[in-house]
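I open this notebook to record what I looked up: charges over rings, aromatic pairs and a metal site.

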Amino acid sequence: MKKKPILTIALAAGLAVSSLGAQVYAKPVDLQQVQPFNVFDNKVVNNINVDNIYNNIEYLSRTPRVAGTVEEQNAIKYVKEQFESYGYETKLQEFQFYGYTAPTTVELSVDGYEGNLEPKSFTYGMDGDVTGELVFIGLGTKAEVEGLDLTGKIALVERGAISFADKVLNAAAQGAEGVIIFNNADGVINGTLGGPNDAYVPVVSITRDAGQAILADLNNGETLTATVNIEGAEGGIRTSHNVIATKASTNKNKGTNDIVAIGAHHDSVPGAPGANDDASGTSMTLELARILKDLPTDKELRFMTFGAEELGLIGSRYYASQLSEEEKKRFVGYFNLDMVGSRDAGDLVINTVDGNDNVVSSHAQASSARLNGEPTPIQPGRSSDHVSFYEVGIPSASFIHRALEPWYHTPEDTIDKISKEKLQDVAEIVGTAVYDLVRPENHGPEAVKGKEQKVPHLYHEQDIQ
Ligand SMILES: [Zn+2]
């Protein structure tokens, strides 16, 4: 992707008079007016040891770190120990969530149908081995199933109009033993039932072509028997933790009560070692913590790594939900690092939830302009833990290289794809932006508070209907 030239950037507080207040962030300035490099940047840049970041990624990415597993717990313990080795007071914040493990066996057979049906399971679908006569129930709406007796039957349903979960529940309410949902477009369904429910019956999806072929036989008056067999799915309450390291202001007299936070997620998706996603952000958070520990700072710093991000920002949402109103007001901003080191991804961008500038993005744009002569572009993006902060009114942004690497969420997301140059670049931009906000010489303006706003779960996209 070609970068758009950006002619103006928001002025960093470090170059402004702090008494101007929040509006200073919205004031555009010529790039030429931005100092090429500041002495305070050197305090961060000269101390970054990219090998520390790289080595921690290497250690963390030896196995997948799926939320709620022993491997995630080992990563949590490791991250905590690193923070403590730098001298941080470090806490684990425990939280529970409903975890789901996909089945190992997903089988479907339909009498008289010879082709490979290649059935797919749905997230939150449960085990079962059921056989029955196949009955087509259209889209499976309440109106369509009303009065039908599906006792002992398998319902064949077309995708569309209502959620997958509602189709399953409507069919089950009429006595169906199992459900087959066929697509209404090309391709396979990557579907979720949205959450657990004891009333579900075993359900699989098939392609439109397979569904239409079976439907044609039914319409010819044939009686077909179908068997749905699902094994190995597992759901239940699981435990994960966020890791939180805190550094109080070192400026006892003039320090403010403000908080600046940096974080990443330590969990990965199943099967993926998650070197870039997101051992890179976790390890960069650790290195920035190590550097900022020894620098004078007049705001509270929090370094955090979150669990269960891949399941829908669960850890960070829990963290945000536990903040008191008073604490939320103290937050100046949150810098999120998610996928910051892939050699095979595109250029760095700053994701804000609404695509607008805020105190986090403006400081990073200013620091990238100082360091590299060009501000890192802002793009709207809501696929990581910065969303949880935005939702409670805390300015936040996430740092990521786009376009994504081909190894994203695959077993190939490994240490050999990590670029030390990219790690160095992001660590410099984010480290100096944060330091600009927290250095004692710079009493920046208060945070620009966003409005509380609910946004849907959009991470790890799956179809719900
Ligand atoms: Zn991630």
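I looked first for charges placed over rings in this predicted model. I found the charged end of lysine 293 over the ring of tyrosine 88, 5.9 Å from its centre. I also noted the charged end of lysine 417 over the ring of tryptophan 407, with 4.9 Å to the ring centre.

I then turned to aromatic pairs, of which the structure holds 18. I looked up tyrosine 98 and tyrosine 124: their ring centres are 5.9 Å apart and their planes lie at 45°, so I entered the pair as tilted. Tyrosine 98 belongs to strand E3 and tyrosine 124 to the loop between strand E4 and strand E5, so the pair ties together parts 26 residues apart in sequence. I recorded tyrosine 98 as partly exposed at 27% relative accessibility, and tyrosine 124 as buried at 18%.

I next entered the tilted pair of tyrosine 319 and phenylalanine 389, with 5.9 Å between centres and 40° between planes. This pair links helix H8, which holds tyrosine 319, to helix H11, which holds phenylalanine 389, across 70 residues. Tyrosine 319 is buried at 4% relative accessibility, and phenylalanine 389 is buried at 0%. I found both residues in one aromatic cluster with Phe306, Phe331 and Tyr334.

Last, I examined the zinc ion, whose protein donors come from His265, Asp277 and Asp338 at 1.9 to 2.6 Å. I entered the site as irregular, with angles of 53 to 149° among its 4 donor atoms. Histidine 265 in strand E11 and aspartate 338 in the loop between strand E13 and strand E14 are 73 residues apart. I noted histidine 265 as buried at 0% relative accessibility and aspartate 338 as buried at 2%.

Notes
Residues numbered from 1 in each chain as written. Predicted model: local features only at pLDDT ≥ 70, side-chain atom pairs only at ≥ 80, totals over all residues. Heavy atoms only, no water. Donors = N, O, S within 2.8 Å, 3.2 Å for Na, K, Ca; no water. Tetrahedral: all angles 85-135°; square planar, octahedral: opposite > 155°, others 65-115°. Helix = DSSP H or I, 4+ residues; strand = E, 2+ residues; numbered from the N terminus. Buried < 20%, exposed > 50% of the residue type's maximum accessible area, 1.4 Å probe, protein only. Phe/Tyr/Trp six-rings, centres within 6.5 Å; stacked < 30°, edge-to-face > 60°. Lys NZ or Arg CZ within 6 Å of the ring centre and 35° of its normal.
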